[in-house]
Amino acid sequence: MVHIQSSIFSGLLLATVASTSLIPSFPTRLIKRADTWGGSVSLGPTKSTIINAVTTIIPGPAPPTQNGELFLWPGMSNGTGDLVQTTLESWPSNSWCGAAAGQWCVRASVFGSFGQLDGSPGIVSGGDQVRIEYNLQSDQNTWLQTVTNAITGQQLSTYSHASGPYMRGYGTGTECDDSCTGTIAAQSYLNTVITLASADTTFGNTIASAGGATYSGLTSSQGGKVWSIASINIPAMIKTSTTTTKTTTKTTTTSTKTTTTASVKTTTTSAKTTATTTKSGNGCTASQYAQCGGIGYTGCTSCASPYTCKYSNDYYSQCL
């Protein structure tokens, strides 16, 4: 499986990892850079470190027919290179997790120098509310990912890995690999709460959005130790084509002749992909793997030491 990070964290090379012995039909991960991205919202880097992060995503339906691979995920990264990312996945066939057309497979996951490691998968429908929590355990080294249905409480996936206590950036990713079919519906992230090890009153200044994504209700409590975003909205990558047909009929009757006329008007809206970027820089620095430049980008343009801003294309540069 390819899990290359979004406009917030993109640019990671993913190593191939063999399928697990428990479910040998799981897709494997490939080394790849060619991908495109949907909207995203991120925070970081913090002057402190993250010890807990929780959000609830409503993904909308997956494309009924999928080309390539499509992933939705909230991700959290650190200076050691580990990326904690529970992924909602749409493949040409999602039968490996038991999902039907229009549904997602979901699994807790982490990427690092070891490649990509996953928990067991679950099934998600477009209207489900999926609660994703990352929690630093008492050993101050191990991260536990817990994925549940927020309404029923059903556990969908879980995974635990020692990624260290150095998480400083958090953001959403909408990742489209191998010329994939993009998202056909908007995604919503609700009640995102990030808890830091110590207060950082400037953490909120690092928030950035891209690809038409919006957010509302950014607040802090406990003197800047807990940061909340009430809602994050990610637009669909593809606006579905629609056709509207209007028919009018007029009848004129005389004693000897009936005349009927009809006019038909058809309006077609063609598929459109929207990509925009908004954010004011505020003299901030971007963390490892974060976006740092590109046409329309107005977020952080300087990278945290020792990283530098590397050009990828006219629309994207990244801290590496």
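# Cysteine pairs, one why at a time

Reader: Why is the disulfide of Cys292 and Cys309 called right-handed?
Author: Look at the torsion about the S-S bond of Cys292 and Cys309: it is about 95°, so the disulfide is right-handed. Keep in mind that this is a predicted model.

Reader: How do you know that Cys292 and Cys309 form a disulfide?
Author: The cut-off is within 2.5 Å for a pair of cysteine sulfur atoms. The sulfur atoms of Cys292 and Cys309 are 1.9 Å apart, so they count as a disulfide. The pair links distant parts of the chain, with Cys292 in strand S23 and Cys309 in strand S25 (residues 309–313), 17 residues apart.

Reader: What makes Cys292 buried or exposed?
Author: Buried means under 20% relative accessible area. Cys292 has a relative accessible area of 3%, so Cys292 is buried.

Reader: And why is Cys309 called partly exposed?
Author: Partly exposed sits in between the 20% and 50% limits. Cys309 comes out at a relative accessible area of 37%, so partly exposed is the right label.

Reader: How do you know that a disulfide joins Cys303 to Cys319?
Author: Same kind of check: the S to S distance of Cys303 and Cys319 is 2.0 Å, and the rule asks for within 2.5 Å, so the pair passes. Cys303 lies in strand S24 and Cys319 in strand S26 (residues 316–319), so this pair ties together parts that are 16 residues apart in sequence.

Reader: Why is that disulfide, Cys303 with Cys319, called left-handed?
Author: Because the torsion about the S-S bond of Cys303 and Cys319 is about -85°.

Reader: What makes Cys303 and Cys319 buried?
Author: The limit is under 20%. Cys303 has a relative accessible area of 16%, so Cys303 is buried. Cys319 has 0%, so Cys319 is buried as well.

Reader: What about Cys284 and Cys300: why is their disulfide left-handed or right-handed?
Author: The torsion about the S-S bond of Cys284 and Cys300 is about -110°, so the disulfide is left-handed. Cys284 sits in the loop between strand S21 (277–278) and strand S22 (285–286), while Cys300 sits in the loop between strand S23 (291–293) and strand S24 (302–303). Their sulfur atoms are 1.9 Å apart, and both Cys284 and Cys300 are buried.

Reader: How many disulfides does the rule give?
Author: The count comes to five disulfides. Counting bonded cysteines along the chain, the pattern is 1-2, 3-4, 5-7, 6-9, 8-10.

Notes. Residues are numbered from 1 along each chain as its sequence is written. This is a predicted model: local features need pLDDT of at least 70, side-chain atom pairs count only at pLDDT 80 or more; totals for chains, interfaces and linings use all residues. Side-chain values use heavy atoms; hydrogens and water are left out. Helices (H or I, at least four residues) and strands (E, at least two) are DSSP runs, numbered from the N terminus. Buried means under 20% relative accessible area, exposed over 50%, partly exposed in between (1.4 Å probe, protein chains only).
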